[in-house]
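Here's a quick briefing to read with the viewer open. Take a look at the fold first, then go through the points below.

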Amino acid sequence: MSTAPASDPQPSDPGPGADKPRPKPRLVFDDPLDQQSSDDTDRGWGERPPAGGSAADLARFLDEKPPHHI
């Protein structure tokens with residue numbers, strides 16, 4: 001058991017510009033459906049970037065082979 005005083009999580013000297021309030025986040029009224037999400041891309045579905053070569057094709061085939069084809 002320690003009798004040392006607990007450290008203050010905030011510094012006692014806040015530094016320059018500490019008295020300025022943070023700017024409020026601006027409201028955006030754009031249509032969110034106009035923006036592309038990560039699910040709209042192959043990368044969002046876990047697809048690999050296209051790679052050439054037969055070794056890459058074999059690796060993809062082995063990774064995507066259903067369990068009943070082993």
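How many salt bridges does the structure hold? Just one, and Arg 60 forms it with Glu 64. Keep in mind that this is a predicted model, with one helix and zero strands in the protein chain.

**Overall picture**
- The protein chain has 70 residues, and 0% of them count as buried.
- About 7,500 Å² of the protein chain is exposed, with 55% of that supplied by carbon and sulfur atoms.

**The helix and its salt bridge**
- Helix H1 covers residues 54-64, and Leu 58 has its place there.
- Arg 60 and Glu 64 both sit in helix H1 too, four residues apart, which is about one turn of the helix.
- Side chains of opposite charge can pair when their charged atoms come close.
- In the Arg 60 to Glu 64 pair, the closest N and O atoms are 3.1 Å apart, and the cut-off for a salt bridge is within 4 Å.
- Arg 60 has 43% relative accessibility, so it counts as partly exposed; that label goes to values between the 20% and 50% cut-offs.

**The nonpolar patch**
- Leu 58, Phe 61 and Leu 62 make a nonpolar surface patch of about 310 Å².
- One of the patch residues, Leu 58, is in helix H1.

Terms used: Residues numbered from 1 in each chain as written. Predicted model: local features only at pLDDT ≥ 70, side-chain atom pairs only at ≥ 80, totals over all residues. Heavy atoms only, no water. Helix = DSSP H or I, 4+ residues; strand = E, 2+ residues; numbered from the N terminus. Buried < 20%, exposed > 50% of the residue type's maximum accessible area, 1.4 Å probe, protein only. Areas by Shrake-Rupley, 256 points an atom, 1.4 Å probe, with all protein chains shown as cover. Patch = residues over 30% accessible without salt bridge, like charges linked within 9 Å, V, L, I, M, F, W, Y side chains within 5 Å. Salt bridge = Lys/Arg side-chain N within 4 Å of Asp/Glu carboxyl O.
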